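User: I would like to go through this model in a series of short questions. Please reason each answer through before giving the result.

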Amino acid sequence: MITESTKANEIRKTIKGQQIQLAGPSTRAVHANRRSNPYQSIGEPIVQTATYQFKDSADLTDFMEANLWGKSPERTEYGRYGNPTITAVEKRLAGLENAEDAILFSSGMAAITTVLLAILPSGANIVMTDDCYRQTRQFCKTFLKRLGISCTVVPMGDYDALDNAINPNTRLLISETPTNPYLRVLDIERFVSIAKKHKVKTFVDATFATPLNIRPLDWGVDLVVHSATKYLGGHNDILAGVVAGKSNIIEGLRGTLGVLGAISDPHSASLLLRGIKTLGLRIAQQNLNGLKVSQFLESHNKIEQVWYPGLPSHPDYLIAEEQMNGFGGVVSFTVKGDLDTASKLIDLFEIPLIAASFGGVESLVEQPALMSYYELSTEERLFLGISNNLVRLSLGIEDTNDLIADLEQALERI
Ligand SMILES: Cc1ncc(COP(=O)(O)O)c(C=O)c1O
């Protein structure tokens with residue numbers, strides 16, 4: 001019998017859930033889709049297992065029958081198909097992205113490659129913007145080609161070229177926002193309207209933005225991917241990737257993940273969930289550091305050029321102003337001089353550590369000519385728009401004044 005008090009409890013529960021769903025992103029990062037667990041622990045239990053047991057054969061048969069009829073039972077039978085710690089992070093990420101569902105992978109590249117292998121039929125064409133992550137471009141240009149999938153690359157920011165590149169076989173438009181290393185910002189509204197006109201799906205890598213600075217699904221994008229190794233994890237201690245979107249697409253991806261096997265592990269998932277809880281605070285500081293440091297660099301006489309979407313001098317400043325909530329923590333710049341001048345400057349920094357990656361609490365710095373593009377000649381690098389004196393600074397959560405003082409002392413000594 002439904003009593004008045006059970007009814008009242010039901011109503012209270014619904015309102016409670018709704019309040020979190022309507023809350024701001026920092027609140028959702030802490031509370032969205034929080035699940036209870038057998039221990040009532042605030043920290044999500046780390047379920048370290050490769051497989052799961054059944055009480056008896058009837059229990060097993062019930063599970064198999066439910067699976068057979070697509071009823072997606074709450075449990076699974078084997079670690080490659082799922083894990084409760086991983087499910088907890090997926091639910092939180094879905095809440096943060098305003099997505100129906102999300103799926104976690106062992107790395108950003110595992111997420112990107114699994115999605116593309118899952119949704120593209122042989123003979124399909126994809127159109128991608130040219131400033132995408134190097135390994136994503138490599139996968140599309142070489143691996144997908146072997147499966148008979150062609151890839152057309154168009155310049156980032158050229159929406160007519162994007163529109164014209166779509167042909168009857170095109171299934172997917174791929175872009176990143178902001179891009180690496182020049183922080184080009186996608187006009188998501190225009191990107192989605194071109195895709196809709198041609199009835200093709202959209203896939204956006206928003207790793208540099210994070211769900212705090214832009215949520216592509218809110219603009220009508222079909223799938224959003226993040227290398228959770230970066231800002232979402234936020235502590236330079238895990239590798240992970242996440243894809244969010246409509247449940248029917250994510251459900252299909254789960255099937256492919258089960259076959260390809262690029263599943264995350266419960267320890268990484270637990271660290272990711274912990275990292276996500278402080279995302280709002282970290283991004284606020286990283287947005288501030290990005291803006292202040294880019295303004296400082298732009299005003300310095302030893303700096304040639306600065307790229308940061310929050311500077312009016314950036315080619316996409318107006319779009320970034322209109323569509324983003326913050327401009328992120330990565331700043332790229334060229335120092336007046338050559339390869340050695342840039343290296344000397346980097347060596348003089350005391351706070352930023354020389355390392356690949358970005359998005360963690362520690363500021364990191366890299367000279368693309370000596371890191372991501374080392375194997376290329378100067379001419380080949382210049383052809384790709386990478387000059388020897390280019391520096392990419394990924395700001396952490398250190399105090400803004402300390403970062404600026406550190407840059408200032410290093411610039412004085414070159
Ligand atoms: C924009 C972007 N997407 C995807 C990736 C790949 O992520 P992961 O290193 O987690 O595989 C990276 C890595 O740097 C990246 O910068």
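**Questions on a predicted model**

User: Where does Pro178 lie?

Analyst: The model is predicted. Strand β4 covers residues 170–176 and helix α8 covers residues 188–197. Pro178 belongs to the loop between β4 and α8.

User: What is the omega of the peptide bond from Thr177 to Pro178, and what is the omega of the bond from Asn180 to Pro181?

Analyst: Most peptide bonds are trans. The bond from Thr177 to Pro178 is cis, and the bond from Asn180 to Pro181 is cis as well. Pro181 is also placed in the loop between β4 and α8. Omega is near -25 degrees for Thr177 to Pro178 and near 0 degrees for Asn180 to Pro181.

User: Which residues surround the ligand?

Analyst: By class, the shell has three nonpolar, seven polar and two charged residues. Asn180, which precedes a cis bond to Pro181, is one of the residues of this shell. The ligand is surrounded by Ser107, Gly108, Met109, Tyr133, Glu176, Asn180, Asp205, Thr207, Ser227, Thr229, Leu239 and Gly241.

User: Is the phi of Gln40 positive or negative?

Analyst: Most residues other than glycine have a negative phi. Gln40 is found in the loop between α2 (25–31) and α3 (57–68). Its phi is near 55 degrees, and the sign is thus positive.

User: How far apart are the C-alpha centres of domain 1 and domain 2?

Analyst: The domain assignment gives domain 1 as 32–47 + 83–277 and domain 2 as 279–412. The separation of their C-alpha centres is 25 Å.

User: Which helix gives the largest share of the side of domain 1 that touches domain 2?

Analyst: In the contact between the domains, 24 residues of domain 1 meet 29 residues of domain 2. The largest share on the side of domain 1 is three residues, and they come from helix α9 (residues 210–213). That side as a whole divides into 13 nonpolar, seven polar and four charged residues. The helix asked for is α9.

User: Are α12 and α16 roughly parallel or roughly antiparallel to each other?

Analyst: Helix α12 (residues 279–298) packs with helix α16 (residues 400–412) at an angle of about 30 degrees, and their axes are 10 Å apart. The contact involves Leu288, Asn289, Lys292, Val293 and Phe296 of α12, together with Thr400, Leu403, Ile404 and Leu407 of α16. These residues divide into six nonpolar, two polar and one charged. Angles under 35 degrees count as roughly parallel, and α12 and α16 are therefore roughly parallel.

User: Why do α5 and α10 count as roughly perpendicular to each other?

Analyst: Helix α5 (residues 108–119) and helix α10 (residues 247–260) have axes 9 Å apart. Thr114, Val115, Leu117 and Ala118 of α5 make the contact with Gly252, Leu253, Thr256, Leu257 and Leu260 of α10. By class, this contact has six nonpolar, three polar and no charged residues. Angles of 65 to 115 degrees count as roughly perpendicular, so the two helices are in that class because their angle is about 110 degrees.

User: Which handedness has the crossing in which α5 passes α6?

Analyst: α5 and helix α6 (residues 134–146) pack at an angle of about 35 degrees, with axes 11 Å apart. Met109, Ile112, Thr113 and Leu116 of α5 make the contact with Gln135, Thr136, Phe139 and Leu144 of α6. Five of these residues are nonpolar, three are polar and none is charged. The crossing is right-handed.

Definitions and conventions. Residues are numbered from 1 along each chain as its sequence is written. This is a predicted model: local features need pLDDT of at least 70, side-chain atom pairs count only at pLDDT 80 or more; totals for chains, interfaces and linings use all residues. A residue is near a molecule or strand if its C-beta atom, placed from the backbone, lies within 6 Å of it. Ala, Val, Leu, Ile, Met, Phe, Trp, Tyr, Cys and Pro count as nonpolar, Asp, Glu, Lys and Arg as charged, and the others, Gly among them, as polar. Domain bounds come from an automatic or database domain assignment. Two residues are in contact if their C-beta atoms, placed from the backbone, lie within 7 Å. Helices (H or I, at least four residues) and strands (E, at least two) are DSSP runs, numbered from the N terminus. Axes are lines fitted to C-alpha atoms, for helices over the stretch in contact, and angles run from 0 to 180 degrees between N-to-C directions. Angles under 35 degrees count as roughly parallel, over 145 as roughly antiparallel, 65 to 115 as roughly perpendicular and the rest as oblique. A crossing is left-handed if the near helix is turned anticlockwise from the far one by less than a right angle, and right-handed if clockwise.
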